[in-house]
Amino acid sequence: MAESPQTPPLLEMEGIQKRFGGIQALKGVDFDLRQGEVHALVGENGAGKSTLIKILSGAYQPDAGTVRLEGRAVEIADPRQARALGIATIYQETSLYPDLSVLENLFIGHQPRRGWGRLDWAAMRRQAREVFAQLGVELPLTARLGDLGKAYAQLVEIAKALAQHARILVMDEATAALTADDVERLFGIIRGLREQGVAIIYISHRLEEVFRVADRVTVLRDGERVGAEPVAEVDQDWLIRRMVGRELHTLYPRNYRPPGKVLLEVRGLSRAGAFEGVDLEVHEGEIVGLAGLVGSGRSEVARAIFGIDPYDAGTVRLSGQPLPPRPWAAVRKGLALLPEDRSRQGAILAMSVRANMTLAVLPDLQRGGFLDEAKELSISKRFIQALQLRPPNPDLPVANLSGGNQQKVVLGKWLATEPRVLILDEPTQGVDVGAKAEIHQLMDRLVGQGVGILMISSDLPEVLGMTDRLLVMHRGKIVARLPRGSAPDVVMRAATGLLEEAHVR
Amino acid sequence: MYVDRGRQISIAVFLLALAGVLLAAAPSFFSLGNFKDILVNISYVAIAALGMMMVILTGQIDISVGATLSICSTLAATASKAGLPLGVVFLISIGAGAALGLVNGLLVTRFKIHSIIVTLGTLSVFRGTLIYFTKGAWIYQLPEDFRGVGLGTFLGLPNPIWAMAVVLLAGAWVLSATPWGRALYAVGSNPDAARLSGIRVPFVQASVFVACGALVGLATMFYATRFSTIQSNTGQGFEFLVITAVVVGGTNIFGGSGTVLGVALGALLVGVTGTALTFLKISAYWEQALQGLFILLAVAFDALRSRRRTRTGGGG
């Protein structure tokens with residue numbers, strides 16, 4: 001590795017091993033971080049990134065290996081000790097209190113005191129202003145955090161870490177819930193912190209972000225370090241090859257075909273405060289994209305079509321027949337919805353792969369009132385194979401699978417219903433690169449068989465690369481209907497409301 | 001399905017340890033007659049516990065089962081005294097239980113009130129209504145064929161033991177081998193995902209209360225028939241025994257996991273403890289305290305396990 005000797009490593013992790021039951025999650029991983037650098041940590045789900053980070057933040061203890069801070073071996077027994085050493089971790093699900101003010105959130109657990117146990121609000125306000133000045137942002141200190149939105153919550157997390165004098169900042173999927181603008185702002189802040197000497201470990205599934213903010217990148221695969229290079233010396237292909245250990249052919253494998261007759265027809269769908277006058281159609285053999293920023297009403301429309309949430313006005317028809325707003329009716333008629341929140345609404349984590357995969361076809365699985373176990377097994381085996389589930393074990397609880405494989409189980413559940421229309425809400429969010437490509441290939445195969453797909457995705461390249469045409473939502477309305485091959489900036493302008501007047505057909 | 005073998009093993013170990021103590025201190029405990037008594041005494045608890053388990057599997061609870069037992073006992077005894085044939089008496093008891101369960105189920109699903117509140121309310125309403133009609137009077141002189149259900153034997157074993165065995169086996173079968181059984185686990189584990197998968201969650205939730213009521217009605221036929229009188233306030237504290245058997249037997253109080261074998265072991269534990277205390281000449285007052293302790297241990301065990309599971313959840 002090309003070490004530059006002038007900056008000694010702030011953090012060195014050497015030969016870190018960690019085993020969970022029968023699984024060796026980390027097989028002797030080395031990792032080092034220099035002062036004032038942004039070091040990206042990438043790898044597929046299950047590669048060991050989270051485990052490594054949890055060891056660094058004191059949540060897990062390594063079975064073997066050493067951690068050194070500025071050359072001195074340290075033992076990080078618990079998260080409190082990690083914070084005392086200046087190591088702060090910012091998770092995608094923030095650990096803040098939405099009902100408290102920004103100021104209260106910043107200092108919760110380590111408030112400055114005056115005599116008699118009183119809180120020193122003046123000191124808190126002063127420190128808060130210093131920290132926000134350091135970040136180059138301004139936030140209303142007395143505002144209720146829950147009113148500010150996810151992007152600000154993330155800022156407050158970072159500010160909180162700085163207020164505790166963090167020298168090492170770990171950002172785990174920090175941009176997953178952010179809009180494009182907020183991501184920009186976050187990158188600005190990261191660059192600013194780097195200049196002030198803060199070292200940042202940056203974990204993300206979005207590889208283009210790695211190239212935009214990181215100085216170096218370390219790739220993990222199956223619990224081993226398979227590469228560590230300055231970002232300037234590598235490209236995206238190299239990263240993907242290292243991560244998956246094989247070549248990925250085309251990024252978005254689409255075979256476009258002329259669409260067939262209308263399958264899903266939505267007219268004038270409205271719910272006060274959520275979405276208004278939504279018209280859309282999905283034809284046989286096409287993938288229609290529903291783009292827009294988080295909060296633009298995309299998921300709400302999908303949920304209303306499927307009958308999960310009610311709507312005030314409008315009609316939904318499937319193959320010409322009206323669809324009553326009930327999920328069970330939608331399932332029977334051949335509609336499927338892959339929800340955004342996989343672990344809360346998609347998979348039943350405590351149940352086995354086979355039980356999950358047959359959950360939506362339970363009524364078809366009876367023989368004389370009883371479950372036909374042979375049929376159950378054959379259905380689950382079929383989709384385990386078709387989706388290349390790993391490990392291919394139908395009796396494993398879904399909780400034991402990686403995120404990408406859990407998503408495949410939920411997909412398998414819907415494919416078992418032989419749907420005519422599939423609504424996919426963020427189908428590849430939090431899914432590793434290999435599984436993502438497999439899901440894309442599957443989507444193309446499905447539309448080849450005449451299925452219609454409505455795809456919601458915040459991943460702009462994905463939604464542009466995979467869809468036949470694109471609907472863009474802004475503030476609950478469809479503001480643009482774009483053909484295949486539209487430019488990303490046109491989509492972004494529509495999504496941010498700059499294209500509200502001009503309907504491109 | 002997630003199966004908690006750990007719980008089943010801990011109950012078995014506890015029972016073996018208890019057996020060791022009894023062998024040393026009160027060897028007379030080990031008689032065929034005593035074992036039969038214990039099994040007869042837990043039979044109606046175990047049958048009702050199967051119903052309770054179905055309710056708890058879906059993440060609900062039914063604390064009105066004691067009142068249901070009491071109403072079914074009164075109706076069955078009255079019907080039998082009126083000269084109705086035994087088959088009809090069975091149907092009345094089961095039907096009444098199912099109807100009361102339906103009331104609970106509809107209140108829970110239609111008005112979306114938590115089942116603890118609903119069944120706490122119906123517990124009082126059921127009991128109050130019963131006392132209004134019976135004026136608190138006891139029922140005496142029960143017909144021979146009625147009492148024969150609980151006191152009779154078949155192939156040398158008391159009828160209630162047969163009934164318990166058949167009902168538990170059938171219950172295990174229904175839970176593992178029918179779509180309805182599968183739906184109970186799904187609804188209890190993750191109601192949102194179950195609903196999105198096309199399972200009619202309110203229907204499933206209402207149906208478990210009906211099943212529980214019906215099973216309490218059936219349990220009644222092996223409970224009320226063993227006494228010479230039926231008191232209007234019979235079955236008080238029954239809900240406690242039933243819930244203890246279910247929770248101690250490893251059914252997760254938050255829903256989603258549990259086995260019929262666990263329920264059977266839980267019921268056995270409840271039955272054996274009381275008898276063992278008598279044989280060890282320890283005051284019976286300790287029985288309730290011990291059962292309470294079992295519940296606390298079981299729930300603590302669940303809480304620890306779920307914490308451990310979230311901590312060692314998949315690395316990324």
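K135(B) is exposed in this predicted model, because only 7 other C-beta atoms lie within 10 Å, and a residue with 12 or fewer counts as exposed. The residue sits in the loop between helix 5 (115-134) and helix 6 (144-151) of chain B. Its phi is positive, about 55 degrees, although K135(B) is not a glycine.

A residue of chain A shares this description in part. E418(A) has a phi near 50 degrees, again a positive value outside glycine. E418(A) is placed in the loop between helix 14 and strand 19 (421-425) of chain A. With 12 other C-beta atoms within 10 Å, E418(A) is exposed. Another backbone feature of chain A involves a proline. The peptide bond between R390(A) and P391(A) is cis, with omega about -5 degrees. P391(A) belongs to the loop between helix 13 (373-386) and helix 14 of chain A.

Chain B contains 13 helices and two strands. Its radius of gyration is 20 Å, close to the 20 Å given by the globule rule for 316 residues, so chain B is as compact as a globular protein of that length. Along the principal axes, its C-alpha atoms fill a box of roughly 70 × 55 × 35 Å. Of the 316 residues in chain B, 50% are buried. Contacts in chain B with a separation of 6 or more were also examined by distance along the sequence; 80% of them join residues 24 or more positions apart.

I253(B) lies in the loop between helix 11 (238-248) and helix 12 (260-279) of chain B. This residue counts as partly exposed, because 16 C-beta neighbours fall inside 10 Å, between the limits of 12 for exposed and 20 for buried. Leaving aside residues up to four places away in sequence, I253(B) touches I56(B), V247(B), V299(B) and D302(B). V13(B) is 240 residues from I253(B) along the chain, and their C-alpha atoms are separated by 22 Å.

The contact between the chains takes 39 residues from chain A and 26 residues from chain B. On the chain A side, the elements giving two or more residues are helix 1 (49-56), helix 10 (327-333), helix 11 (342-346), strand 18 (370-371) and helix 14 (403-415). Helix 10 of chain A gives the largest share, four residues. By class, this side of chain A has 22 nonpolar, 13 polar and four charged residues.

The largest nonpolar core has 174 residues. V472(A), A46(B), I47(B) and A49(B) have the most contacts inside this core. Helix 2 (residues 32-57) of chain B supplies 16 residues, the largest share. Apart from this core lies another, of 69 residues, among them L41(A), A163(A), I203(A) and V210(A). In soluble globular proteins, nonpolar side chains tend to be buried together. Beyond residues up to four places away in sequence, V472(A) touches A291(A), G292(A), I478(A), V479(A), A480(A), L482(A), V491(A), A494(A) and A495(A).

Helix 15 of chain A covers residues 433-448, 16 in number. From its first C-alpha to its last, helix 15 reaches 23 Å, close to the 22 Å expected at 1.5 Å a residue. Its buried residues are V433(A), A435(A), K436(A), A437(A), E438(A), I439(A), H440(A), M443(A) and V447(A). The charged residues K436(A) and E438(A) are thus listed among the buried ones. The buried residues of helix 15 pack against helix 8 (236-244), strand 13 (287-292), helix 14, strand 20 (452-456) and helix 16 (460-466) of chain A. After helix 15 comes G450(A), whose phi is positive, near 100 degrees.

Confidence was assessed for each chain and for the complex. Chain A has a mean pLDDT of 87, and 94% of its residues reach 70 or more. Over residues 500-505 of chain A the pLDDT is below 50, and this stretch has eight contacts in the model beyond near neighbours in sequence. For chain B the mean pLDDT is 90, with 95% of its residues at 70 or more. Residues 311-316 of chain B have a pLDDT below 50; beyond near neighbours in sequence, they make 15 contacts in the model. For the complex, the predictor gives an ipTM of 0.81 and a pTM of 0.74.

Methods
Residues are numbered from 1 along each chain as its sequence is written. Chains are lettered from A and ligands numbered from 1 in the order in which they are written. Two residues are in contact if their C-beta atoms, placed from the backbone, lie within 7 Å. A nonpolar core is a set of buried Ala, Val, Leu, Ile, Met, Phe, Trp, Tyr and Cys residues joined through C-beta atoms within 7 Å. The expected span of a helix is 1.5 Å times one less than its number of residues. pLDDT is the predictor's confidence in each residue, from 0 to 100. The radius of gyration is taken over C-alpha atoms; the globule rule is 2.2 Å times the number of residues to the power 0.38.
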